[in-house]
Each structure stands twice: as C-alpha cells, then as structure tokens.
Amino acid sequence: MTTTPTIARTRVAGVVLGAVLLALMVVFAVVLPRIDSGAEELSGADSVAALPDELPGGLRALDLGVEAPEGQDPAQAEELTQRQTELQESAGERLSEVFDAPAEVRIYADEALQRQAAVAVVGVPAGLFIPGALPVDPALLDLARSSTELERVGDAVCQLTYGQNVPAGQPVPEDDPAGVTCQLGAEGTTYWIQGGGITAEEAVAVLDDLAGSED
C-alpha cells in the first residue's frame, strides 16, 4: 500500500489546505511582534532549521509528491505537487518579509487526508496569541462550551475549534476538536501549527519535537 495520497484525494483537500494557509498568514500578521514597528527590537533566531519530510503521527509533506491513479495523466499529479510547493514558498517568503526574519512553512497530511496540518517556524519570539475570538467564560453566553476554546497545553497555547456551541444545561460531549491552532515559543523562535483531525496534544507534540530539534 502506498503512503502517498492520490490525486483525487489531494483535490478534495485543496480547499482545506488553502484555508489553513490563509489562516496562517492572518494569525502571524496579527499576533506576532513586528520587528520594524518602532518599538524596541526583539532578538530572534538568525536561522531556522528546515522542516522535516515527516511529522509524528504519520503526517507526510505533500510537496514530496502525489501519485496519479491508474489511467490518469501523471502530469496532473506533478501539477498538484508543484502547486503545494508554490503555496509553501509564497507563505514562507511573505512571513520572512513581514517580520524581517527567517521563516519556513510546510503542509502535511496522512495517506487518507483525514489528518492535515500546516506548520510554520519563524525566527522571532512568540507574541500574544488570540487567533479567533476572545476567551470569554461560556457561562456568560449561556453556554456549556463555546465553539472555540483557548487553552495552555504544555508550554504552548492552543485554540480548539469545535463544530458548534453547546447550550447551557446540556452535557458537553467528549469529542476531539474539529481543528486546532497552537503556538510555542522557544529560543527566540515561534513554532506554529494549524491542523484538522489531530488533537491539541498531538499538535503540541509536533511543536515540542521541532523545538527540540533546534537545540
């Protein structure tokens, strides 16, 4: 059995991965400290390590290539692979320009494209992290659980996104979030991940592993 996603599956995931990249740009542009903002400059990393081909949990970089199903033009698979590479390079270049710091971006997925993640590493210290909504006590909104929650997981901060709010008085299901966005700061570098089909603990484990590899 191949570990490479098929061209059809990759097309289905294209919209999701595009949204992930858009969210990456918005989050970094809003919450990370700007190096050229006129405030005292923050010291960051002079370089960041290249992101690996594979992450824990069977996530593989999509830019490594996809295989065309039998009977389909292999050129289509090559086109999709090139598209993933262009998206990543564009995001990395933009982050580097905005923060005047080295940056790396890569998109990953499992074979079935049920678990996906975009990862970014930028050589600036981690700043304030409020990617979606303010973390209001759900009880003030007559809710048992909001559709988004902000939590600290280990040394990282994560936003958990659920499908919908849970009204007050109803039991809170023990379900995993539909999406997670986590940020970790270490040694003057910001590690960021947004994924679907993974838990906050799994996301932070990826960031911890990346941060440890920089030592």
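**Notes on the sheet, its hairpin and the disulfide**

1. Let's start with one pair of residues: Thr-148 has Thr-161, in β7, as its bridge partner. Keep in mind as you look around that this is a predicted model. The pair belongs to a longer match, since strand β6 (residues 148–153) and strand β7 (residues 156–161) are joined by six bridges and run antiparallel.

2. Now look at how the chain gets from one of these strands to the other. β6 and β7 make a hairpin, with two residues between them. One turn residue, Gly-154, has a positive phi of about 65°.

3. Zoom out to the sheet. It is open, has eight strands, and its order is β1-β2-β3-β4-β10-β9-β7-β6, with antiparallel pairing. β1 (54–55) and β6 each have a single partner strand and stand at the edges, so each has one side without a neighbour in the sheet. If you wonder what holds neighbours together, strands of a sheet pair through backbone hydrogen bonds, either parallel or antiparallel.

4. Further along the sheet, try tracing β4 and its partner β10 (residues 189–196). These two are antiparallel and share seven bridges. A handy place to start is Val-121, whose bridge partner in β10 is Tyr-191.

5. Next, the cysteines. How many disulfides does a search of the whole structure find? It finds one, formed by Cys-158 and Cys-182, with sulfur atoms 2.1 Å apart. Cys-158 sits in strand β7 and Cys-182 in strand β9 (residues 179–186), so the bond ties together parts that are 24 residues apart in sequence. The torsion about the S-S bond is about 115°, so this disulfide is right-handed. Are the two cysteines buried or exposed? Both Cys-158 and Cys-182 are buried.

6. Finally, two aspartates to check in the loops. Asp-100 has a positive phi, near 50°, although this residue is not a glycine. You'll find Asp-100 in the loop between α2 (74–99) and β3 (103–109). Its relative accessibility is 64%, and exposed means over 50%, so Asp-100 counts as exposed.

7. Asp-142 is another non-glycine residue with a positive phi, here near 60°. Look for Asp-142 in the loop between β4 (116–122) and β5 (143–145). Is Asp-142 buried or exposed? With 58% relative accessibility, Asp-142 counts as exposed.

Key:
Residues are numbered from 1 along each chain as its sequence is written. This is a predicted model: local features need pLDDT of at least 70, side-chain atom pairs count only at pLDDT 80 or more; totals for chains, interfaces and linings use all residues. Side-chain values use heavy atoms; hydrogens and water are left out. Two strands pair if DSSP finds at least two bridges between them. Helices (H or I, at least four residues) and strands (E, at least two) are DSSP runs, numbered from the N terminus. Buried means under 20% relative accessible area, exposed over 50%, partly exposed in between (1.4 Å probe, protein chains only). A disulfide is a pair of cysteine sulfur atoms within 2.5 Å.
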